[in-house]
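Good morning, and thank you for making time for this item. I should like to take you through one model, beginning with its overall make-up and ending with individual residues.

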Amino acid sequence: DTALETADIALMGDDIGKLPYLYELSHTANGVIRQNVWASLGVKALLALGVPLGLVSVALAVVVGDMGMSLGVTGNAMRLANVEPERSPDLE
């Protein structure tokens, strides 16, 4: 239990062949996280600039900036569900 808590990665099985898949998944996940952070910051910055200029109402900025971006980044992160491990030739 202590090893699982302190480890950066823990394989829950004895198949070390999954390491390339885990590496690809972590690389893809980091990319999606970066996209989500920058998209959220960008939209919120545009809305923050649009409110004082009268281009966007405060209510719309709050709704789009909070709920809209929450839905957007969640939808973007759901792409990670499509990353699947490669099948080994001996299993086919």
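Let me begin with a term: helices (H or I, at least four residues) and strands (E, at least two) are DSSP runs, numbered from the N terminus. What you see is a predicted model, in which local features need pLDDT of at least 70, side-chain atom pairs count only at pLDDT 80 or more, and totals for chains, interfaces and linings use all residues. Residues are numbered from 1 along each chain as its sequence is written, and side-chain values use heavy atoms, with hydrogens and water left out.

How confident is the predictor? On pLDDT, the predictor's confidence in each residue from 0 to 100, the protein chain averages 84, and 85% of the residues score at least 70. Among the elements, helix H1 (residues 2–6) has the lowest mean, 74, and H3 the highest, 91.

Turning to the fold, the protein chain contains three helices and zero strands, in the order α-α-α from the N terminus. I shall call a residue buried under 20% relative accessible area, exposed over 50%, and partly exposed in between (1.4 Å probe, protein chains only). By that rule, 13% of the 92 residues count as buried. Contact will mean heavy atoms within 4.5 Å. Of the contacts in the protein chain with a separation of 6 or more, 55% involve residues 24 or more positions apart.

Next, the helices themselves. The expected span of a helix is 1.5 Å times one less than its number of residues. For the 32 residues of H2 this gives 46 Å, which agrees with the 46 Å between its end C-alpha atoms. Helix H3 (residues 58–77) has 20 residues and reaches 27 Å from its first C-alpha to its last, close to the expected 28 Å. The bend at a residue is the angle between axes fitted to the seven residues ending there and the seven starting there; H3 has a kink of about 30 degrees, centred on Gly68.

Which residues of H3 are buried? They are Ala61, Gly65, Met69 and Asn76, and they pack against helix H2 (19–50). On the other side of this pairing, Ala29, Val32, Asn36, Ser40, Leu47 and Gly50 are buried in H2, and their cover includes H3.

Three residues illustrate the arrangement. Asn76 lies in helix H3 and counts as buried because its relative accessibility is 18%. Residues up to four places away in sequence aside, Asn76 touches Val32, Gln35 and Asn36.

Val37 belongs to helix H2 and is partly exposed, at 42% relative accessibility. Its C-alpha lies 8.3 Å from that of Val73, although the two are 36 residues apart in sequence.

Leu25, also found in helix H2, is partly exposed at 23% relative accessibility. Beyond its neighbours within four places in sequence, Leu25 is in contact with Leu80 and Val83. The C-alpha atoms of Leu25 and Glu84 are separated by 8.5 Å, with their positions 59 residues apart along the chain.

Finally, the record. An unreviewed UniProt entry annotates residues 45–64 as "transmembrane region"; UniProt positions are given in the numbering used here, feature names are shortened, and annotations may be inferred rather than shown by experiment. In the model, the end C-alpha atoms of residues 45–64 lie 12 Å apart, and the span is 65% helix and 0% strand.
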